[in-house]
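Dear colleague,

I am passing the structure below on to you, and I would be grateful if you could read the notes that follow with the coordinates open beside them.

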Amino acid sequence: MTDVIAFAPGRVGVSDAARKLIETLKEEYGAIMFHLSGGCCDGSAPMCFQVGEFRLGGVDEKVGEIVGCEFWMDREQLRRWAHTQWTVDVVPGRGASFSLEAPLNMRFLIRSSLCAVPPAIPPPPAQSTSR
């Protein structure tokens, strides 16, 4: 079961490997949060910070929570990803970031897929105005 509260059910998930690492980071650092900036390079990877160590801006939206941690995203990036589902995962290797997992030689990343776009609702049939 994925511990996610999202604006669209099932939009954000977390892999088992990422869940384990998040639990380890929470034990070491206490409350943590994630932010996805939408920038280039590592800006498209989720960054993990202690709560209060990253300043959210007016362009950030809370997408939901994973493993009890708030997940925030740049509003413009969220708009672009409107029809995707994504999973926070982790792989070996160090990203060029200040994210909490970096000293462990691990790196969070997003795996995504397109969501099914619901079909348009057809307009109601025209009503006859004959008298």
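What follows is an account of the core, the strand pairing around one strand, one helix and the salt bridges.

Please keep in mind throughout that this is a predicted model.

I begin with the core. The largest nonpolar core has 24 residues, and those that touch the most other members are Ile-22, Phe-34, Ile-66, Phe-71, Trp-86, Val-88 and Phe-108. Two or more residues each are given to this core by helix H1 (16-29) and by the strands S2 (12-14), S3 (32-36), S5 (60-66), S6 (69-74), S7 (84-92) and S8 (106-114). The largest share, four residues, comes from H1. As a general point, nonpolar side chains in soluble globular proteins tend to be buried together.

Strand S6 deserves a closer look, since five of its six residues are buried. S6 pairs with S3 in the parallel sense over three bridges, and in that pairing His-35 stands opposite Trp-72 of S6. With S5, by contrast, S6 runs antiparallel, and six bridges join the two strands; here Gly-64 has Phe-71 in S6 as its bridge partner. S5 and S6 form a hairpin with two residues between them, and Val-67, which lies in the turn, has a positive phi of about 50 degrees.

Turning to helix H1, its 14 residues should span 20 Å at 1.5 Å a residue, and the C-alpha atoms at its ends are indeed 20 Å apart, so the expected and modelled spans agree. The buried residues in H1 include Ala-18, Leu-21, Ile-22 and Leu-25. These four cover an arc of only 105 degrees around the axis, which puts them on the same side of H1. The face turned away from that buried side carries the exposed residues Asp-16, Lys-20 and Glu-27. Just after the helix, Gly-30 takes a positive phi of about 85 degrees.

The salt bridges come last, and the count for the model is seven. Within H1, the side chains of Glu-23 and Lys-26 meet in one of them, at 4.0 Å from N to O, a value to be read with the cut-off of 4 Å in mind. The two residues are three apart in the helix, about one turn, and both are partly exposed, Glu-23 with a relative accessible area of 33% and Lys-26 with 26%. A similar question arises for another helix: where do Glu-76 and Arg-79 lie with respect to each other? They are three residues apart in helix H2 (residues 75-80), and therefore separated by about one helical turn. Their side chains meet in a salt bridge at 2.4 Å, N to O, with Glu-76 partly exposed at 33% relative accessible area and Arg-79 exposed at 54%.

The bridge between Arg-111 and Asp-89, at 2.6 Å from N to O, joins two strands. Arg-111 lies in strand S8 and Asp-89 in strand S7, so this pair ties together parts that are 22 residues apart in sequence. Arg-111 is partly exposed, with a relative accessible area of 43%, whereas Asp-89, at 13%, counts as buried. Finally, Lys-62, Glu-65 and Glu-70 are joined into one network by salt bridges that share partners.

With best regards

How values were computed. Residues numbered from 1 in each chain as written. Predicted model: local features only at pLDDT ≥ 70, side-chain atom pairs only at ≥ 80, totals over all residues. Heavy atoms only, no water. Core = buried A, V, L, I, M, F, W, Y, C linked by side-chain atoms within 4.5 Å. Buried < 20%, exposed > 50% of the residue type's maximum accessible area, 1.4 Å probe, protein only. Pairing = 2+ DSSP bridges. Expected span 1.5 Å × (residues − 1). Arc of directions from axis to C-beta.
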